[in-house]
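Biologist: I'd like a close look at one part of this protein, the biggest internal hole. Could you walk me through what surrounds it, and then through whatever else helps me place it in the chain?

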Amino acid sequence: MSNSMWGGRFSERPDQIMEEINVSIDVDRHLYAQDIAASKAHAAMLAAQGIIPAADGAAILSGLDGIRAEIDSGSFVFKPALEDIHMNVESRLAELIGPVAGRLHTARSRNDQVATDFRLFVRDTIAATDAALAALQSALVERAGQHAATVMPGFTHFQTAQPVTFGHHLLAYVEMVARDRGRFQDAARRLNESPLGAAALAGTSFAIDRHATATALGFERPMANSLDAVSDRDFVLESLAAASICAVHLSRLAEEIVVWSSPLVGLVRLSDKFTTGSSIMPQKRNPDAAELVRAKTGRVIGALNGLLIVMKGLPLAYQKDMQEDKQGAMEAFAALSLAIRAMTGMVRDVVADEARMKAAAGEGYATATDLADWLVRTLKMPFRDAHHVTGRIVARAARAGVALHELPLSEMQAEEAKITADVMGVLSVESSVRSRASYGGTAPENVAAQAAGWARRLQQEHEKAWGLERRSCLKSGCPLMGQWRGREARNPLQPLASAAVWTLFVSIGNTKSVAESVAICPLSGVFPACGAPLSRSSARNGRPMAVCWVS
């Protein structure tokens with residue numbers, strides 16, 4: 001017996017091995033929200049265009065809502081024999097509303113259907129990732145502000161180079177994450193075109209309105225070429241490339257946490273929350289969270305490489321090879337989401353050993369460049385000459401086993417007679433970092449100003465997103481639901497479905513999670529979300545509020 005959904009041409013069932021290699025439901029079942037949303041937009045358009053009767057369109061929409069409710073509740077039975085999410089939904093629709101369900105696939109193919117679903121999924125995932133990265137930035141900025149003047153060693157070649165501040169070091173990652181967010185947002189802008197209506201590869205003879213379905217799904221426009229619409233996956237590749245770069249940034253910070261927390265270095269400490277013990281050595285505190293963040297990078301980069309290899313030899317249009325576009329990408333995005341959450345937690349949890357940092361900053365003659373700069377600035381010595389003089393003075397200090405600022409002035413004058421006692425004022429680690437006041441430098445005043453500026457920027461971004469979404473809800477007449485009391489916001493870092501909404505949490509007294517006037521609105525655009533209920537609140541109407549993602 002052939003497959004009931006496509007088996008008119010076939011008289012026998014596929015071989016069991018063929019069924020196993022062909023089935024994708026275990027992966028693409030995660031696209032159910034997007035698949036149903038796209039099917040609803042398509043059905044509504046078909047009815048509006050008079051391609052199917054309005055009554056049939058209404059029945060299809062109602063049936064799709066019922067299927068969504070079944071899947072959400074866990075009562076839906078996914079059938080591997082039906083191959084994928086599309087056929088599972090269509091088959092169940094036929095069970096619910098009868099033969100009318102067969103009209104849904106008019107002017108549509110699984111080719112444009114899956115391309116649409118996956119674009120929606122990646123768009124939602126980018127929105128969630130952006131929210132997660134904004135939360136990480138907030139954590140980094142908060143700690144940077146606290147440690148704007150905390151001196152630590154800066155390294156090149158992993159050798160002590162010059163003193164910097166811990167806050168300055170953390171702000172470097174804020175800048176990296178900002179570029180990561182920009183790459184994801186660029187990818188989201190480019191992917192935001194609708195393949196729906198491209199059909200199998202050539203378009204359709206039905207008088208469909210692709211602009212209407214694109215608008216209904218939040219796309220900016222329909223894709224202009226039907227072949228391109230169904231056959232390219234560059235939107236996944238670009239998003240995975242952004243994810244890979246982001247994962248590398250996380251891995252670098254994770255590596256530093258691993259090194260810094262080692263007793264041999266001892267610059268920071270992690271609590272029990274983000275460390276584990278040993279099964280045999282009771283004294284151990286292992287930075288496993290950081291190590292696993294470091295390891296997740298391989299999974300993300302591997303997904304990018306894997307999909308590049310899948311796509312590199314494919315002619316137009318759709319090829320079954322492209323079924324392999326989802327599993328690796330979904331696993332990579334999930335791994336990145338977990339890594340971002342773990343890193344955000346570690347940044348909030350880590351404790352700097354300020355005394356050890358200061359001591360380490362003075363080791364390895366880290367202020368030697370300050371001495372050379374003093375020779376140039378005060379004695380008008382060419383820098384290369386100053387470099388050689390400083391090198392000889394450092395050698396004297398090393399032979400004596402003392403720091404530069406502990407070396408007697410007479411020993412310095414033995415190398416350069418014009419050196420005066422004023423030089424001692426530039427040789428401490430505190431004076432060194434204070435002197436680095438050039439734009440982007442590590443001077444504590446710079447760091448404090450940069451941290452404050454980033455805090456304002458993130459807060460304004462948050463409030464702008466809240467205001468835009470609130471106005472959108474009011475304009476479109478989104479229903480309001482009240483009195484969701486005692487409910488915590490769901491983790492904003494989990495991947496979002498197309499039905500993601502904003503929830504307004506209002507703090508009343510000591511209650512941290514009372515939701516009032518919950519606005520149910522469609523996801524529109526890429527907005528940041530608070531890292532936890534009320535963690536970044538803003539005062540409106542005299543009451544502190546925060547906006548959080550839920551799904």
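Modeller: Sure, with one caveat up front: this is a predicted model. Rolling a probe the size of a water molecule over the atoms shows where empty space is left. Here that search turns up three cavities of 30 Å³ or more, and the largest has a volume of about 50 Å³.

So who sits around that space? Its lining is made up of Phe-166, Leu-170, Leu-253, Ile-257, Trp-260, Val-347 and Val-350. Sort those by class and you get seven nonpolar residues, with no polar and no charged ones. Two helices, α7 (166-191) and α10 (234-261), each supply at least two residues of the lining. The largest share, three residues, comes from α10.

Now follow one of those lining residues outward. Phe-166 belongs to the lining, and its C-alpha atom is 6.7 Å from that of Ala-148, although the two are 18 residues apart along the chain. Ala-148 itself is found in the loop between α6 (110-146) and β1 (151-156). Is Ala-148 buried or exposed? It's buried: its relative accessible area is 7%, and because the cut-off for buried is under 20%, that value qualifies. Leaving out residues up to four places away in sequence, Ala-148 touches Thr-165, Pro-444, Val-447 and Ala-448. Thr-165 is one of those contacts, while Phe-166 is in the cavity lining.

Stepping back to the whole chain, there are 18 helices and twelve strands. Of the 551 residues, 49% are buried. If you take the contacts with a separation of 6 or more, 74% of them are between residues 24 or more positions apart. The accessible surface comes to about 25400 Å², and carbon and sulfur atoms account for 55% of that.

For contrast with that nonpolar lining, have a look at the charged pairs elsewhere. Side chains of opposite charge can pair when their charged atoms come close. A search of the whole structure finds 28 salt bridges, and a few are worth pulling up on your screen.

Start with Arg-68 and Asp-72, whose side chains meet in a salt bridge at 2.9 Å, N to O. Both lie in helix α4 (residues 54-73), four residues apart, or about one turn of the helix. Asp-72 is partly exposed, with a relative accessible area of 45%.

Next comes Glu-95, which forms a salt bridge with Lys-79, the closest N and O atoms being 3.4 Å apart. Glu-95 lies in helix α5 (residues 85-97) and Lys-79 in the loop between α4 and α5, so this pair ties together parts that are 16 residues apart in sequence. Both partners are partly exposed: Glu-95 has 47% relative accessibility, and Lys-79 has a relative accessible area of 35%.

One further pair is Glu-363 with Arg-356, where the closest N and O atoms are 3.1 Å apart. Glu-363 is partly exposed at a relative accessible area of 39%, and Arg-356 is partly exposed too, at 27%. Salt bridges that share partners also join Glu-70, Lys-79, Arg-92 and Glu-95 into one network.

Technical notes:
Residues numbered from 1 in each chain as written. Predicted model: local features only at pLDDT ≥ 70, side-chain atom pairs only at ≥ 80, totals over all residues. Heavy atoms only, no water. 1 Å grid on protein atoms, 1.4 Å probe; cavity = no way out; pocket = protein on both sides within 12 Å on 5 of 7 lines; lining within 4 Å. Points joined across faces, edges and corners; volume = space filled by probe spheres on them. Nonpolar A, V, L, I, M, F, W, Y, C, P; charged D, E, K, R; others polar. Buried < 20%, exposed > 50% of the residue type's maximum accessible area, 1.4 Å probe, protein only. Contact = heavy atoms within 4.5 Å. Areas by Shrake-Rupley, 256 points an atom, 1.4 Å probe, with all protein chains shown as cover. Salt bridge = Lys/Arg side-chain N within 4 Å of Asp/Glu carboxyl O.
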